[in-house]
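Here's a quick briefing to read alongside the picture. Have the sequence and the 3D view handy, and take the topics one at a time.

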Amino acid sequence: MLRWFEHSQVYHPDRNLLASAAQLGRPFEDVYFKAKDGTVLNGWFFPANGGSPRAHWAVLFCHGNAGNISYRLDFTQALLETGVSIFLFDYRGYGLSKGRPGEEGTYLDAQAAHHWLEQKGYTGSSIVAFGESLGGGVASELALRERLGGLVLQSTFSSIPDIGAELFPWLPVRWINTIKYDTCAKLPRIHVPVLVMHGRGDELIGFHHGEKIFAVANQPKMFWELKGDHNEPLDDKKGFIEGIERFLTMTEANSETPTSR
């Protein structure tokens with residue numbers, strides 16, 4: 001019963017796609033690929049605008065714990081404005097991806113998406129992992145398992161035990177918790193440029209989580225304050241894009257230096 005409760009609090013998948021990638025009115029690929037354990041996954045790939053100086057860069061979008069990729073078209077549109085390609089995928093159990101979500105499963109899913117981009121022709125050092133909320137825990141693990149050019153942690157918690165203890169102070173969360181997504185424990189071992197994006201108006205994952213994450217990240221790193229609450233990080237779309245643009249410029253400057261796993 002405790003395991004069921006924990007799982008139900010962490011994962012809120014939606015099997016129904018509420019929108020089509022075609023709604024952005026630009027070329028895309030509806031992709032099916034397999035994780036290492038054979039789970040079939042679905043994603044959408046949007047190539048960069050023709051002639052973009054950042055066409056060789058790809059953002060691998062790891063979404064949050066609710067919905068599916070069809071909920072993220074606004075993010076996709078904003079990120080495409082920076083001139084990069086975007087690959088967003090659904091974890092197992094979300095959207096059209098098969099299986100049931102779990103911590104290790106989401107890590108395998110991100111690795112499979114990363115491998116798909118490599119097969120598409122993107123080198124690991126030209127792939128930026130973007131982690132939205134729970135996706136920050138997924139993206140930070142990906143940075144340890146695969147080569148990346150940069151890591152973005154947007155409205156991410158320091159760890160599931162930390163946020164769980166805040167949301168359920170009457171429960172012994174730290175004693176019974178088995179799902180970790182411990183971003184803070186991983187960041188000291190990650191040596192790629194890191195962008196932490198968080199808003200003071202985030203009522204679900206407090207601003208202090210972003211500050212804690214930023215404090216343990218290695219240089220080069222950058223903090224960008226968002227406006228809006230947890231579910232509205234694009235309230236200031238112009239400001240959001242400016243933060244991504246500045247980070248990409250920093251990442252491009254760092255791209256000739258070795259990255260770590």
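A residue counts as buried when its relative accessible area is under 20%, as exposed when it is over 50%, and as partly exposed in between. That is why R246, at 46%, goes down as partly exposed. Keep in mind that what you're looking at is a predicted model. We'll go through the sheet, then the helices on it, then the salt bridges and finally the cavities.

**The sheet**

- Eight strands make up an open sheet, and going across it you meet them in the order 2-3-6-4-7-8-9-10, with mixed pairing.
- Which strands stand at the edges? They're strand 2 (29–34) and strand 10 (221–226), and each has a single partner strand, so one side of each has no neighbour in the sheet.
- From one strand to the next, the twist averages 20°.
- Start at one edge: strand 2 pairs with strand 3 (residues 40–46) in the antiparallel sense, over six bridges. If you want a spot to look at, find V31, which sits opposite G43 in strand 3.
- Moving on, strand 3 and strand 6 also run antiparallel, joined by four bridges. Here F46 has I86 in strand 6 as its bridge partner.
- On to the next pair: strand 4 and strand 6 run parallel, with four bridges joining them. L60 has F87 in strand 6 as its bridge partner.

**Strand 6 up close**

- Is strand 6 mostly covered or mostly open? It's mostly covered, with five of its five residues buried.
- Its side chains split two ways: S85, F87 and F89 point one way, while I86 and L88 point the other way, and all of them are buried.

**Helices packed on the sheet**

- Helix 2 (residues 73–80) packs on the sheet and touches strand 3, strand 4 (58–62), strand 6 (85–89), strand 7 (127–132) and strand 8 (150–154). The direction of helix 2 makes about 160° with that of strand 6.
- Helix 4 (residues 134–145) packs on the sheet too, touching strand 4, strand 7 and strand 8. Compare the direction of helix 4 with that of strand 7 and you get about 150°.

**Salt bridges**

- Side chains of opposite charge can pair when their charged atoms come close.
- How many salt bridges turn up in a search of the whole structure? The count is 13.
- One of them joins the side chains of R72 and E132, at 3.0 Å from N to O. R72 is in the loop between strand 5 (66–67) and helix 2, while E132 is in strand 7, so this pair ties together parts that are 60 residues apart in sequence.
- Both partners in that pair are tucked away: R72 is buried, with a relative accessible area of 6%, and E132 counts as buried at 12%.
- E141 and R145 form another salt bridge, and their closest N and O atoms are 2.7 Å apart. Both residues lie in helix 4, four residues apart, which is about one turn of the helix.
- Within that pair, E141 counts as buried at 12% relative accessibility, whereas R145 counts as partly exposed at 24%.
- E141 and R145 also belong to a network of salt bridges that links them with E104 and K186.
- Back to R246: its side chain meets that of E242 in a salt bridge, at 2.6 Å from N to O. The two are four residues apart in helix 9 (residues 237–254), so about one helical turn separates them.
- E242 counts as partly exposed, at 33% relative accessibility, and R246 gets that label as well, at 46%.

**Cavities**

- The model has two cavities of 30 Å³ or more, and the largest cavity has a volume of about 40 Å³.
- Which residues line the largest cavity? They are V59, L79, V128, F130, V152, I244, F247 and L248.
- Strand 7 and helix 9 each supply at least two residues of that lining. Helix 9 gives the most, with three residues.

How values were computed
Residues are numbered from 1 along each chain as its sequence is written. This is a predicted model: local features need pLDDT of at least 70, side-chain atom pairs count only at pLDDT 80 or more; totals for chains, interfaces and linings use all residues. Side-chain values use heavy atoms; hydrogens and water are left out. Two strands pair if DSSP finds at least two bridges between them. Axes are lines fitted to C-alpha atoms, for helices over the stretch in contact, and angles run from 0 to 180 degrees between N-to-C directions. Contact means heavy atoms within 4.5 Å. Buried means under 20% relative accessible area, exposed over 50%, partly exposed in between (1.4 Å probe, protein chains only). A salt bridge is a side-chain nitrogen of Lys or Arg within 4 Å of a carboxyl oxygen of Asp or Glu. On a 1 Å grid over the protein atoms alone, a cavity is a set of points where a 1.4 Å probe fits but cannot get out, and a pocket is an open set with protein on both sides within 12 Å along at least five of seven lines; lining residues have an atom within 4 Å of a point. Grid points are joined across faces, edges and corners, and a volume is the space filled by probe spheres set on the points.
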